[in-house]
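Visitor: I would like a close look at a single part of this model, with its surroundings worked in afterwards. Please take the place where the two domains of the first chain meet.

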Amino acid sequence: MKRALAALVAGALFGVGLAIARMTDPTVVLGFLDIAGHFDPTLAFVMAGAVATTFVAFRVVLRRPNPLLATRFELPPVSPIDRALVVGAAIFGVGWGLAGYCPGPALIAAARGIGSALVFVPAMIAGSLIHRAVAARFAAVDPVALSTE
Amino acid sequence: MNPWIISFLGGVLIGISATALLLFNGRIAGISGIVNGLWRGSGASEWAWRAAFVAGLIGGGATAMRVLGQDTPSPASTPMLIVAGLLVGFGTSLGKGCTSGHGVCGLGRLSKRSLIATLTFMAAAIVTVYVTRHVIGAAS
């Protein structure tokens, strides 16, 4: 219950941050990605603010033996840079460049009732479910062919 | 205030949120991972914090959009939005992360995997925008 409450507050801060940073406006995001056109550097400032904060604050937090409401920190395991990571990131990047939506802002814009996000979000959920189905199928044949997580 | 300073402060708020989730719950604030975990079926308390984070995200974000008067849609056509959504869903599931997980949290942790992922999706997105706006767009 306490963990859900902490997650609710963290989620709300994240959502408000994305809106203030104007990442919920796909034209701003596409303006940043359009380096050959009317380049809009907004996204670089957002990333700078976010990464500067996590860079310092994560270090302080991870000095603790454990989180406040859980038994241990669950960080992604150190794993090699594999094909799934690079191919997955490239596929995501193409989709991001086509629509100007990454997952968080898309969910928020859909909740706000923006038509383009209401089309994008079901397709995004379908895309991740398709990957899971494909990965499960490949895992049955070759466990290292595609990751299931 | 300069709009870039406001964007920087929005980014700081995102960083504070990610820090809060790590400090309280010991979890990384990767939105695609949190959402995809909702239908992985890993127990009620696991589902509860993920659902709560998403509820806070869309509640807080949509309210802020309303207050700020944001209602700009994506310029992409409906078929393009469907293709884009499928690619974003598939790619973030395969590559295990999006802008928040790899970009904000992974870079903050100096993860080599996240650095490679972030450079890759940034490059792919820049090339995609270049092609759609300056190659195909210029031809039509």
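Guide: In this predicted model, 11 residues of domain 1 of chain A are in contact with 8 residues of domain 2 of chain A. On the domain 1 side of this contact, H1 and H2 of chain A each supply at least two residues. H2(A) has the largest share of that side, 5 residues. By class, the domain 1 side has 8 nonpolar, 3 polar and no charged residues. The assignment behind these names puts domain 1 of chain A at 1-75 and domain 2 at 80-149. Between the C-alpha centres of the two domains of chain A the distance is 19 Å.

The largest nonpolar core belongs to the same topic. This core has 92 residues, and A:Ala106, A:Ile108 and A:Phe120 touch the most other members. H1(A) gives the most to the core, with 12 residues. Domain 1 (1-75) and domain 2 (80-149) of chain A both contribute residues to this core, so the core lies between them. As a general background, nonpolar side chains in soluble globular proteins tend to be buried together.

One of the core residues named above can be followed further. Leaving out residues up to four places away in sequence, A:Ala106 touches A:Tyr101, A:Ala117, A:Phe120, A:Val121 and A:Met124. A:Phe120 therefore appears twice, as a contact of A:Ala106 and among the residues that touch the most other core members. A:Ala106 is also one of the buried residues of H5(A). The others are A:Pro103, A:Gly104, A:Pro105, A:Leu107, A:Ile108, A:Ala109, A:Ala110 and A:Ala111. With 9 of its 9 residues buried, H5(A) is largely enclosed by the rest of the structure. The helix is followed by A:Gly113, whose phi is positive, near 90°.Chain A as a whole has 6 helices and 0 strands, and along the sequence the pattern is α-α-α-α-α-α. Its C-alpha trace spans about 45 × 40 × 30 Å along the principal axes. Of the 149 residues of chain A, 55% count as buried. Among the contacts in chain A with a separation of 6 or more, 36% are between residues 24 or more positions apart.

Chain A also touches chain B, in a contact that takes 97 residues from chain A and 98 residues from chain B. On the chain A side, helices H1 (2-20), H2 (26-33), H3 (42-61), H4 (83-99), H5 (103-111) and H6 (115-141) each supply at least two residues. H1(A) gives the most to this side, with 17 residues. The class count for the side of chain A that touches chain B is 65 nonpolar, 23 polar and 9 charged residues. H1(A) thus has a place in each of three settings: the contact with chain B, the core and the domain 1 side of the domain contact.

From chain B, B:Gly11 gives a local view of the contact between the chains. This residue sits in helix H1 (residues 3-25) of chain B. B:Gly11 is buried, because 29 other C-beta atoms lie within 10 Å, where 20 or more are required. Apart from its neighbours within four places in sequence, B:Gly11 is in contact with A:Gly17, A:Ala21, A:Phe45, A:Val46, A:Met47, A:Ala48, A:Gly49 and A:Ala50. Within chain B, B:Gly11 and B:Val104 are 93 residues apart in sequence, with a C-alpha to C-alpha distance of 9.0 Å.

Chain B itself has 6 helices and 0 strands, in the order α-α-α-α-α-α from the N terminus on. Its C-alpha atoms fill a box of roughly 55 × 40 × 30 Å along the principal axes. Buried residues make up 58% of its 140 residues. Of the contacts in chain B with a separation of 6 or more, 44% join residues 24 or more positions apart.

As for confidence, the model scores ipTM 0.95 and pTM 0.93. Chain B has a mean pLDDT of 93, and 98% of its residues reach 70 or more. Within chain B, confidence is highest in helix H4 (residues 78-94), at a mean of 97, and lowest in helix H6 (residues 112-139), at 92.

Definitions and conventions: Residues are numbered from 1 along each chain as its sequence is written. Chains are lettered from A and ligands numbered from 1 in the order in which they are written. This is a predicted model: local features need pLDDT of at least 70, side-chain atom pairs count only at pLDDT 80 or more; totals for chains, interfaces and linings use all residues. Two residues are in contact if their C-beta atoms, placed from the backbone, lie within 7 Å. Helices (H or I, at least four residues) and strands (E, at least two) are DSSP runs, numbered from the N terminus. Ala, Val, Leu, Ile, Met, Phe, Trp, Tyr, Cys and Pro count as nonpolar, Asp, Glu, Lys and Arg as charged, and the others, Gly among them, as polar. A residue is buried if 20 or more other C-beta atoms lie within 10 Å of its own, exposed if 12 or fewer, and partly exposed in between; C-beta atoms are placed from the backbone. A nonpolar core is a set of buried Ala, Val, Leu, Ile, Met, Phe, Trp, Tyr and Cys residues joined through C-beta atoms within 7 Å. Domain bounds come from an automatic or database domain assignment. pLDDT is the predictor's confidence in each residue, from 0 to 100.
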